[in-house]
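Dear colleague,

I am passing on the structure below, together with some notes on what turned up when I went through it. Please read them with the coordinates open beside you.

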Amino acid sequence: MKYFFSIFLWLFAAVCTFAQTFLPGNPYYGNTGYIQYIAGNIPIIISAPHGGYLEPANIPDRSCAGCVLVKDSYTLELANELAAAITAQTGCFPHVIINLLHRKKLDANRNIEEAADGNAIAEQAWYEFQGFIDSAKQQVAVNFGKGLYIDLHGHGHTIQRIELGYLHTTAELQLPDSVLNTNTYINGSSIKNLVNNNLTNQTHAQLLRGDFALGTLLQNKGYPCVPSAGIPFPLTGEPYFNGGYNTARHSSYNGGNIDGVQMECNSNIRFTTAARLAFADSLAIVLNQYLEQHYFPYYTAGPCTVINLPQCTQQPEIWGQENACAGASGIYWVAPTDGAAYFWTVTGGTIINGQGTPQIEVLWNSNNTTGAVSILKTEQ
Ligand SMILES: [Zn+2]
C-alpha cells in the first residue's frame with residue numbers, strides 16, 4: 001500500500017477550506033435523470049456527450065437539417081473506464097459528466113437549438129449537462145486554480161489515430177511553429193491559459209506537438225495522435241475534428257484557467273473491452289504526466305490522498321520545522337513503520353542526510369522564500 005503525505009503544498013490547502021457539495025466518486029443526476037455527474041476531487045473534468053443509449057419515447061428524434069444522429073460508440077464506457085483507471089492509479093476521482101440520452105434525442109456538443117431541436121425535455125437535459133460541467137469547473141477553479149477539461153468522443157475515420165482538437169483547423173496546424181506562437185493563434189486556442197502559464201515555459205506549438213504535448217505523450221504509449229511530435233498536423237484533405245461547442249465553451253479559449261481539448265478516439269481503441277481498458281490505463285498515466293509536467297509540480301504524487309495538512313485542524317503526517325530559514329537546515333520525519341520504504345522529495349532545498357529513512361535533514365537554499373517536503377511511504 002502506498003501513502004503520500006506532504007507538509008506544504010498550496011495546491012491542497014484550499015481543499016481544506018472549502019466545503020464540497022458533492023462527494024467524490026458518487027453519481028448525481030439532474031431532474032430529467034438523463035444527465036449523470038460523478039463528482040471529482042482532482043483538476044480533471046471528462047465529459048461524454050455522444051455515448052448515451054437512452055431513447056425515451058417522449059422525446060422525439062431530432063430532425064433538424066444536417067443534424068448528426070449517430071452516437072460515438074463506447075465513449076460512455078470509455079469515460080467510466082478512464083475514470084476507474086485514474087482512481088485505481090491515484091486514489092483520486094476525476095469529474096465525469098455523461099449524457100445518457102442517445103444522440104438522436106440530444107446532441108450535447110451543440111448549441112441548444114441544434115442540440116435539443118426545440119424539445120423542452122431535451123433542452124432541460126442540455127442545461128443539466130452544461131450546468132454540471134460549469135459546476136465541476138467552478139470546483140476545480142476554487143480548489144486548484146486551473147485544470148484540464150476533456151470532451152471525449154469517437155470518430156469513424158479510417159485513419160487509426162486519436163484526433164486532438166484545440167480549436168485549430170488543419171490549415172492552421174500546418175502553419176510553422178513561429179506563426180502558431182503569435183497571439184492571434186494563442187488567443188484562438190483551447191489551451192490559451194496553459195500557453196500563458198505552464199511550468200516550463202513551453203510555447204503554444206510545443207504544447208500542441210512538442211515532446212511534452214498531450215498527443216506526444218500518448219504517441220509514446222503506442223497511441224498515434226494528431227497533432228503530436230510524430231504527426232504534427234493533418235495533411236490537407238485528411239479527416240480531422242478540431243473541437244466543437246463544448247471545447248469552445250468550456251476551455252480557456254472562452255476565458256478562465258481551465259484548458260480544454262476535444263479527444264476523438266479511433267475505433268480500434270474503443271470497440272473491444274480489452275482495447276478500451278488498455279487505452280484507459282495508458283491515458284490515465286499520460287494525464288498524470290501531463291498535469292505534473294505543465295500544471296502542478298507535485299501532481300503525480302496523488303493530491304487527493306493529502307488531507308492531513310497543517311492548514312487543517314488535524315495533525316500533519318510529516319513533522320518538522322514549518323517556518324524554516326533560507327540557508328539553514330532542518331529535520332523532517334514521519335512515524336516509522338516496520339518494513340516500510342521511504343522516498344522523500346524536496347524542492348527549494350537539498351536532502352543532505354537520511355533519504356530512504358523515516359527522517360531527513362534538509363539544507364534549504366539561501367535564495368528561496370518557499371520550500372516543500374513530501375514523502376512517499378510504501379508499506380509492505
Ligand atoms: Zn462526438
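Asn-353 stands opposite Glu-361 of strand β14, in a model that, please bear in mind, is predicted. The two strands concerned, β13 (residues 349–353) and β14, run antiparallel and are joined by four bridges. Between them the hairpin has five residues, and Gly-354 there takes a positive phi near 100°.

Strand β14 also pairs with β11 (residues 329–333), again in the antiparallel sense, over five bridges. Here Ile-331 is the residue opposite Glu-361, while Trp-333 has Gln-359 of β14 as its bridge partner. These strands belong to an open sheet of four, in the order β10-β11-β14-β13, with antiparallel pairing. Because β10 (319–320) and β13 each have a single partner strand, they stand at the edges, and one side of each is left without a neighbour in the sheet.

Which side chains of β14 point to the buried face, and which to the other? Along residues 359–364 the side chains alternate, with Ile-360, Val-362 and Trp-364 buried on one face, whereas Gln-359, Glu-361 and Leu-363 point to the other face and are not buried.

The other sheet I would draw to your attention is an open one of eight strands, ordered β2-β3-β5-β4-β6-β9-β7-β8, in which the pairing is mixed. Its edge strands are β2 (27–29) and β8 (225–226), each of which pairs on one side only. Within this sheet, β7 (residues 162–165) and β9 (residues 258–265) are antiparallel and share three bridges, with Gly-165 placed opposite Gln-262 of β9. Helix α2 (residues 75–90) lies across β3, β4, β5, β6 and β9, and runs at about 160° to β4.

Turning to the interior, nonpolar side chains in soluble globular proteins tend to be buried together. In this model the largest nonpolar core has 82 residues, and Ile-46, Ala-79 and Leu-82 are those with the most contacts inside it. Helix α4 (residues 120–144) supplies the largest share of this core, nine residues. Apart from that core lies another, of 11 residues, which includes Ala-324, Ile-360, Val-362 and Ile-375.

Finally, what does Ala-79 touch, once neighbours within four places in sequence are left aside? Its contacts are then with Ile-46, Ala-48, Gly-51, Val-96, Ile-98 and Leu-152.

With best wishes

Note on methods: Residues are numbered from 1 along each chain as its sequence is written. This is a predicted model: local features need pLDDT of at least 70, side-chain atom pairs count only at pLDDT 80 or more; totals for chains, interfaces and linings use all residues. Two strands pair if DSSP finds at least two bridges between them. Two residues are in contact if their C-beta atoms, placed from the backbone, lie within 7 Å. Axes are lines fitted to C-alpha atoms, for helices over the stretch in contact, and angles run from 0 to 180 degrees between N-to-C directions. A residue is buried if 20 or more other C-beta atoms lie within 10 Å of its own, exposed if 12 or fewer, and partly exposed in between; C-beta atoms are placed from the backbone. A nonpolar core is a set of buried Ala, Val, Leu, Ile, Met, Phe, Trp, Tyr and Cys residues joined through C-beta atoms within 7 Å.
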